[in-house]
Amino acid sequence: MADPRDLIDRALSALYGEPEPTPEEEARSLARFQSAVAQRIEGQPRSISWRLAGAAGLAVVVAGLLLTLPRQETAAAETLREIAQLVEEIDPIEAPDSSFIFVRSEEVLLMEVQAEGVGRQEGEPSLFYQLPVRRDSWVGYEGTLQLSTTATEPTFFDTTDRALYYEFGIDEQDAIGETQTFTVVDAFDTVWATDKDELDRQIRGMLPLGSTRPEHIDFLDVALQAIRESPATPASRAAVISLLSDLPGLELVGTVGGVSSFSVDFGDNDLEIRWGFAIDEAGFLRSESRTNLTADGRSGLPAGTVTFEATYSAPATVGSLDPQP
Amino acid sequence: MDSRSDAEIISASLDDVSEFGVIYRRHFKAVFAFVARRVDRSEAADLTSDIFVKALDVRHRFDTSQPTALPWLYRIGRNVIGDRMRRVSRRSRLDVVIRGGSEWELVGESAETAALLSVSVSEMEEALKELPRRQREVLLLSSVDGCSHAEIAQILGISKGVVATRLFRARERLAEIAPVLRQQPPKSPDPPTEEDRG
């Protein structure tokens, strides 16, 4: 069989050619480049003596500002910037095209079954319970996602709820004890930008419309997608974490074993909610939670109810979609 | 003609920004071609200047042990183009070509070779669509942009071994998808024989 290399190269050359810039294109590109250079020259010190004098003057000004201005950088922002710097230095994960990024998460989901579903009258309270789910995800480099979920015995808020749960077969709907697997092609088609400003615009373009949460919380929600069970590159993860450092209201909870925990409180309708999340030094999301800080008048759930909780393993590269131990 | 290496010029530009203009003049056409193959032609000039401006801002990160700045500029180019694509949701050059049909010319080929190549090119359009993105990227950098394995490794941030593996797979897969690519076009300008025509 003939070596296809020659024909492939020539066909590709025919397809793509050798584009030459026109004089207009050359002039346009050069003008834009020169404009950028000129801006930077304006910002550059004119001479060594000016530089030294400027530095001395600047030192005085900075010292004065430090004495008079409140500290702007919070501990959370500082920690996130440090993580971003660490992540920037990481080499991208390299793996065969046929391999997958595997992440196992242990989640607790707050579930609701409306009154009619458990034999209650319309208008009576819904049934709430917390469902633990083990979730394995395999993300292929071409965007394929396989999810495998296994729900286990729920936690109930009272014994009546527990009895209703089994009486009305909700356990079968939840497939307690069964492992369910499904595959989605092109699930991860988002390529996260690596430039911070560009990423900021990209995320803002993905914010939900008509949300009842503050915009910076929606921003957090979208941004965390890039570092949760995601094949995002270190450069993208670094940019995400750098953006997170600018979020208002973020608090550093602590750092243990290289994993730093943060929280942010916000209002959503009548509820006060705390969103917690933890990021490791490789820039991956390792846990998150959402907790109602106030009692929920609609559901009757007390203050302190955890509505979502998850821990994520560090991503590992695996060669197949087979179950992992 | 400035005889200094790219590394020397970039080092000098840290103190004098205008020095970076030498890098611009030296690599403009190559970077322009790299961009024009991947985006709508109308955007190529602006994106080319964007790449150089971005490079200017991160020139302190250039590895001065590298013999040329071109792979570094291509690497920045990939990011700039990727960001642009996401922002405007425009089709890639490949999509444009596929959608637009015969936009290319077969230059410098004999009529017979051109005929076979034109079949191959149309097969290639379809085959490239089927190729995994990462394999396609390596193939284009090698066959179209003329980068060496080492340069591709530098541009993509992967090892040379992985480059070779992906390239091999890309070629094999292309030939599987488009069997016509396994045929060898005639290399001499001689007219085909009756047997060839049959």
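**Close-ups of strands and cores**

**View 1. Where β8(A) meets β9(A).** In this predicted model, Ala278(A) sits across from Ser287(A) of β9(A). The two strands run antiparallel, with seven bridges joining β8(A) to β9(A), which spans residues 285–292 of chain A. Follow the chain round the hairpin and you pass five residues between the strands. Gly283(A) in this hairpin takes a positive phi near 85°.

**View 2. The other partner, β7(A).** Strand β7 (residues 259–268) and strand β8 (residues 271–279) of chain A pair up antiparallel, over nine bridges. Here Asp265(A) has Arg274(A) of β8(A) opposite. What lies between the strands of the β7(A) and β8(A) hairpin? Just two residues, and Asn269(A) in this hairpin has a positive phi near 55°.

**View 3. Inside the largest nonpolar core.** This core counts 51 residues, and the ones touching the most other members are Val35(B), Ile51(B) and Leu73(B). Helix α2 of chain B (residues 20–36) is the top contributor, chipping in ten residues. Nonpolar side chains tend to be buried together in soluble globular proteins.

**View 4. Zooming in on Ile51(B).** Which residues does Ile51(B) touch, leaving out those up to four places away in sequence? The list runs Val31(B), Leu73(B), Ile76(B), Gly77(B) and Val80(B). Leu73(B) also turns up with Ile51(B) among the residues touching the most other members of the largest nonpolar core.

**View 5. A separate core.** A second core, separate from that one, holds 38 residues. Among them are Ile83(A), Ala226(A), Leu243(A) and Phe284(A).

How values were computed
Residues are numbered from 1 along each chain as its sequence is written. Chains are lettered from A and ligands numbered from 1 in the order in which they are written. This is a predicted model: local features need pLDDT of at least 70, side-chain atom pairs count only at pLDDT 80 or more; totals for chains, interfaces and linings use all residues. A nonpolar core is a set of buried Ala, Val, Leu, Ile, Met, Phe, Trp, Tyr and Cys residues joined through C-beta atoms within 7 Å. A residue is buried if 20 or more other C-beta atoms lie within 10 Å of its own, exposed if 12 or fewer, and partly exposed in between; C-beta atoms are placed from the backbone. Helices (H or I, at least four residues) and strands (E, at least two) are DSSP runs, numbered from the N terminus. Two residues are in contact if their C-beta atoms, placed from the backbone, lie within 7 Å. Two strands pair if DSSP finds at least two bridges between them.
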